[in-house]
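Thanks, everyone, for making the time this morning. I would like to go through one strand and its surroundings, and then turn to the contact between the chains.

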Amino acid sequence: MSLLERETSGVVMTPDNIRTRKLPVAIDLGIAVVALVLAAAIVLGAGIGNWVLVIVVGAILYLVGLYFAAGRVEGKRAAKNKIARAMIYSACILAVLPLASVVWTLVSKGAARLDGDFFGSSMNNIGARDANGGAYHAIIGTLEQVGIATLMAVPLGVLGAIYLVEYGRGRFALTVRFFVDVMTGIPSIVAGLFVLAFWVLIVSPWFNNGTPRFSGFAASLALTVLMLPTIVRSTEEMLRLVPGPLREGAYALGVPQWKTILRVVLPTALPGIVTGVMLAVARAAGETAPVLLVAGGAAAINMDPFSGNQSSLSLFVYQQASDASKFAPDRAWTAALTLVALVLILTIAAKLLARRNRLS
Amino acid sequence: MAKRIEASGVSSYYGSFKAIDGISMTVEPKTITALIGPSGCGKSTFLRSINRMHEVLPNARIEGRLTIDDQNIYDPDVDVTAVRRMIGMVFQRPNPFPTMSIYENVVAGLKLNGVKKKSVLDDAAEKSLKSANLWDEVKDRLNRPGAGLSGGQQQRLCIARTIAVEPQVVLMDEPCSALDPISTLAIEDLMFKLKDRFTIIIVTHNMQQAARVSDKTGFFSIDKTGEPGRLIEYDDTQKIFSNPTEKKTEDYITGRFG
């Protein structure tokens, strides 16, 4: 036998023979069925678990059985390949499982209050024994707070990233990058406390006859602090991916640097930047602590983000989930479903917008 | 339309590393000049010094004097974008802007420099694409992405883009090294055609190409790695390839180098 000749289950692979036997699909399926039956017998027979454990044990038994069967028929290398592929598929299913479970829970439990009343009314004058009441005020709050925060964070974040990639040299740029990294790890409650101490207690009295005042805008400020590092870092990575020769191509046409960035570099990186921005928006829309700290929460509709308490969807979920009323949990589930749907719609809209910019 | 380039004692540095040392040469208008030599001998560095693309890299600087029709390119009050509008450049790898269509790519230089009139842009696009021998191939799909063309077409698109801003001088940094022989031939034909309007300087590793297209040839070399590149000989292409003065040049073009 030469170096690369191998004997697999009686078939010698030589340069003149490159065929091997394949494991029939029926046997593959058979192993799966036997593995599941065996697992059910072991688990249920011994009384140590329910159907979840049956599937886990069944999967392991199937992998072992498949390895030996494939090893006998196709050879060791092919068997390893089969096992590796089966494990990758399992990992993929395991990763998707929690997501599907969350979506299913939200939809099944949130559907109960998915009515016009929920989207058309607030919690003003809703007592513990009232079945109606809605999240209109919270939806307004989330849209306004996240909207204003996005308006502030996106220009700042993108411009900051442009500075870091295109202009930043030396110690100052390194310092900025370091602090952006540090900011990524700020807990949202700390951002809330910062805005509470700085904006609500010090700045807002200037506009309110000397009395501190909660507002949706204060929540926007806290959300901006949280969104900035995500936007800066993701935009920075995307701008670095834009090939240098593209910039040089524009410079060689006599295009100034700022115009090169605006018309060549940014459009090329746009889809990635949009993804980063949407991640930041999704994170901000789900934040509860800062809103509670600096917007205070409210039961009534407050359209003005610059004065007075406001609620938000995530805060609404938190308050309803801990409410004693028997009607509150349904409202909490529906609000959670609304929040997820809102973020999903925004993400899809942003992706479509970014794609419109690309050539087909 | 075409201008004379004069270099005297040009040395370029990347930080403390001296890449080329004291290059002096004069490039006449409406000629094609080829720069040949082994890898790392500073041909591209010299070429990039001519339109101040050299300084795009951090810590890059230059000594000596480079003039275009007696205007010093490196005077402190010179606007670098004006220099680059006057001295266009075609790169080794085709680099069409990926977010732009073929049409937008060609007029990018005009549009990004403030030309807005549709009729002017349309005329410039057609004229440049025709000059670049690309019009017939793309006239029915001007709105398709520029990146969807073949490599040779992309390179001609980049040439069209360069000549659309009507420069005086066109620099080409190994424009055919990523292309097949047929596309190479198309671009060489194109260079002959462009010679009537522009001064062309081309860096090439292909000595047959230098011999075919150029009027004058400059041979660059280095003594050893880490030393700066030097211009060994600069003369009529005819003379360089038949009867070079320097022994080093002869060794290189006959393949006895190193």
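Thr33(B) stands opposite Ile201(B) in β8(B), and I start from this pair, keeping in mind throughout that what you see is a predicted model. The pairing to which it leads us is between strand β3 of chain B, residues 32-36, and β8(B), where four bridges join the two strands and the strands run parallel.

β8(B) also pairs with strand β7 of chain B, residues 169-173, again in parallel, and here five bridges join the two. If you want a position to look at in that pairing, take Val169(B), whose bridge partner in β8(B) is Thr199(B). The connection is worth following as well, since β7(B), helix α7 of chain B, which covers residues 181-194, and β8(B) together make a right-handed β-α-β unit.

How many residues of β8(B), which spans 199-203, are buried? Five of its five are, and the strand is accordingly described as mostly covered. Thr199(B), Ile201(B) and Val203(B) point one way from the strand, while Ile200(B) and Ile202(B) point the other way, and the residues on both sides are buried.

Let me move to the contact between the chains, which takes 24 residues from chain B and 19 residues from chain A. On the side of chain B that touches chain A, the elements giving two or more residues are α2 (80-86), β6 (87-90) and α3 (102-111) of chain B, and α2(B) gives the most, with four residues. By residue class, that side of chain B divides into 12 nonpolar, eight polar and four charged residues.

How values were computed. Residues are numbered from 1 along each chain as its sequence is written. Chains are lettered from A and ligands numbered from 1 in the order in which they are written. This is a predicted model: local features need pLDDT of at least 70, side-chain atom pairs count only at pLDDT 80 or more; totals for chains, interfaces and linings use all residues. Two residues are in contact if their C-beta atoms, placed from the backbone, lie within 7 Å. Ala, Val, Leu, Ile, Met, Phe, Trp, Tyr, Cys and Pro count as nonpolar, Asp, Glu, Lys and Arg as charged, and the others, Gly among them, as polar. A residue is buried if 20 or more other C-beta atoms lie within 10 Å of its own, exposed if 12 or fewer, and partly exposed in between; C-beta atoms are placed from the backbone. Two strands pair if DSSP finds at least two bridges between them. A crossover is right-handed if, with the strands pointing away from the viewer, the path from the first strand over the helix to the second runs clockwise.
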